[in-house]
Amino acid sequence: MPLIAATPSFAELLRRHRHAARLTLEQLAEASGVSARTLSDMERGRSKGPQQRTVTALADAFALEGSDRKQLIELARDGRLRDHWTRPTGLCELPRGIDDFTGRIAELAWTRNLVHDADSTAVAHVGLITGPAGLGKTTFAIHAGNALRPDFPDGVYFIDLFGMSSSPLAADQALAPMLRALGVPDQQMPPDTAGCASLYRSLLRDKRVLVVLDNASSEEQIRPLLPGGGLGRALVTSRRLLAGLEGVRRLNLGPLPLPDTTQLLTGIMRDHRAKDSESVLTQLAQLCGGLPLAVRIIGNRLVSRPAWSAAELATRLADDERRLDQLKSGDLKIANAFQMSYEQLAPPARKVFRRLALVPGRDFDSALAAVVGEISLSDAWDVLDELIDLGLLQDGAAGRYRFHDLVRLFARERLKAEDPQDEREAIGETMRSWLLRMAITAGRWFEPAYGRPERPDPDLAELPTPEAADQWLRVNADGWLSALRTAAGEGRHSAVLDCSESLYEFADRWMHAPHWYEVFTLGAEAAAVLDDPPRRAGQLNSLAWVHLVPRDEPETALRYATEALDLATRCTSSAQIASAHHHAGAALRRLGRLDEATAAETLAAEMFKAAGDIDGYCQCLGALGTCLRDAGRHAEALEQYQELWSLLNDDRSGATPGMAAFLRPIVLSRVGECLGLLGRRAEAITELTEAISLMEQAQVPVQQARALETLASLLAEEGRPDESGRAYARAAEVFEAVGDADASRRCQELAAAAP
């Protein structure tokens, strides 16, 4: 196994550069303007962190550029910071807090519970506060330390462990100043790290002390600095999760809620910006994404520039291309905070992080990360874990990952800066092609002519069941829809049409989704360009369905169905002729033209049956039952639905299992409705209750909500108000989930009125 080269000290690096330049100390002193004695102190390690102007002069004398120059300057900076804590006079005093600290009420209560917990185990003594860059972990820990000071008469101490620097503070370098702060003279300091750690723990056991250990880099660094029991307590902050750290209580700090973010911005600005409206400040706060660092930058910019318009700044921030550049004020820059985490990543993780900025939509899974990273799925998991550990990604439910909005913009900047344009375009095309192929494969699970692929594409994610295909299409809708739009814009008409056609049967399962009009419009346009009349007629029929179900615009639906019928007749596509009659029948029924609707559905049913399309035939039978119900012929409608129910439960009928499973709960609910209309309420309640349970399993929420409302009405008529109220309340929830606000409000009012 190859050895990893240790990072050199500033002294070692300075000596290397001088020897490489073949300069004596005197010659370097003359070239740089730095005295030979000062240079000697630096090379012997006596001066570990010279001032920046001195280091710049040395870099100029060596003619250093690029990474060599950056390394010399950063080592000097780290040395200056570390020297602050290793000076014998340092007392590790807690830094001053800020008087505009806002929010974090629950989190502060967590710290109080931590220090007051009487539990004798070590887990009660250490609080680990983690979270991504910019969330104010240090500010929170300092505020908590100051608030808890009365509980610690022996002192509250603070030390920065420089976890994000290129040379984090070693445990012994942190222990020495802490022991001095605790009153240990230098001459009594143990000679090794183990001895210092032991003495440190013994002091914390007997002293009522709170130690704030900020910016930890690793478990190894932090373990010697933790109390082992007794009176001492510790708060640790880290961007990393430090999952291997045992015996601690964990607090994952998240973004501030919008009201707290707005309050923080208002507090920073105080009376300086009375002219700015509350709505503008709320907009600014929202653009900061709940990151206190971003809020402070914006607040400081506005306070320091009174002539600036907050509204104008909000407009600048709304531009994704300019937002990160605007989030800087003096030495505060949000991108720098992200950059420190980014630099901790291994090169493969950096590449994946940058490329994930190409992913459309709010979240993604490991399979898509593997595609954009051009790595295996197992390697993608490792990289994603690394990104989560550093707070550059957030993990959610069901294996989904997402960026914070500002981190996504940072990743996009790094992608543009580090990856050539041709590579960016190539990987973007690979990703979009993969998304379209996945959507086609998933959609075809629900098409009778396809179903499960006989030979799954090894380059695609596995979709072993229709449930898996359904879930993939729903959670990745932003991705495949974006890929479909791009393909249409690039003139990839065959891919667009294939994708659109594959999603028609699935659309019935997710009929309330907002994008079906766009999907089938793109499909119709692609078919027109390809001059394929039968397939264009199919897309026009799909658009008729869109205006029947999600949009409820029967006149427009009838227009599309008529156009589809005309086109399908001219190209003698019997399947699309039958579909056009079916969609026209549904539109005519909605328009109250029941005789015409019945005639159209009867003709469609005959055509589907003659063609052996039993799925289409069953759908027409259900539509004929609905025509009878709307005509007030409830007994005939009930008989029609019951015959269809028997057909769907007959394995020899020819109906595909998927369509039968989809239609059963809908038909059963229609049976319940007709029983209710015939006054047979007890039977109706039984059938509707079973249908609603089946609908929950089949994920058909629109029909489920309607069935719940019907059930609630019948329960009220039966004198069962409590059950009726619960059914109305549940119907309101489902209507709200599918975006039907009016129906949701109506059911909420009926639920509230239930005695």
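Asn215 lies in the loop that joins strand E3 (210-214) to helix H10 (219-222). The model is a predicted one. Although Asn215 is not a glycine, its phi is positive, at about 65°. This briefing treats that residue, a second residue with a positive phi, a pair of helices in contact, and helix H35.

**Loop residues with a positive phi**

- Asn215 has a relative accessibility of 17%, and it therefore counts as buried, since the cut-off for buried is under 20%.
- Thr572 is not a glycine, yet its phi is also positive, at about 50°.
- The loop that holds Thr572 runs between helix H28 (554-570) and helix H29 (574-590).
- Thr572 has a relative accessibility of 66% and so counts as exposed, because the exposed class begins over 50%.

**The contact of helices H21 and H22**

- Helix H21 (residues 421-444) and helix H22 (residues 466-475) have axes that come within 9 Å of each other and cross at roughly 140°.
- This crossing angle makes H21 oblique to H22, because only angles over 145 degrees count as roughly antiparallel and those from 65 to 115 as roughly perpendicular.
- The crossing of H21 past H22 is left-handed.
- On the H21 side, the contact is made by Trp434, Leu435, Met438, Ala439, Ala442 and Gly443; on the H22 side, it is made by Ala469, Trp472 and Leu473.
- Among the residues of this contact, eight are nonpolar, one is polar and none is charged.
- The polar residue is Gly443 of H21, because Gly counts as polar in this classification.
- In general, residues three or four places apart on an α-helix point the same way, because the helix has 3.6 residues a turn.

**Helix H35 and its surroundings**

- Helix H35 (residues 701-717) has 17 residues, which at 1.5 Å a residue should span 24 Å. The C-alpha atoms at its ends are 24 Å apart, so the expected span and the model agree.
- H35 is mostly covered, with twelve of its 17 residues buried.
- The buried residues of H35 are Pro701, Val702, Gln703, Gln704, Ala705, Ala707, Leu708, Glu709, Leu711, Ala712, Leu714 and Leu715.
- The elements that cover these buried residues include helix H33 (657-677), helix H34 (681-698), helix H36 (721-737) and helix H37 (741-753).
- After H35 comes Gly719, which has a positive phi near 75°.

Terms used. Residues are numbered from 1 along each chain as its sequence is written. This is a predicted model: local features need pLDDT of at least 70, side-chain atom pairs count only at pLDDT 80 or more; totals for chains, interfaces and linings use all residues. Side-chain values use heavy atoms; hydrogens and water are left out. Axes are lines fitted to C-alpha atoms, for helices over the stretch in contact, and angles run from 0 to 180 degrees between N-to-C directions. Helices (H or I, at least four residues) and strands (E, at least two) are DSSP runs, numbered from the N terminus. Angles under 35 degrees count as roughly parallel, over 145 as roughly antiparallel, 65 to 115 as roughly perpendicular and the rest as oblique. A crossing is left-handed if the near helix is turned anticlockwise from the far one by less than a right angle, and right-handed if clockwise. Contact means heavy atoms within 4.5 Å. The expected span of a helix is 1.5 Å times one less than its number of residues. Buried means under 20% relative accessible area, exposed over 50%, partly exposed in between (1.4 Å probe, protein chains only).
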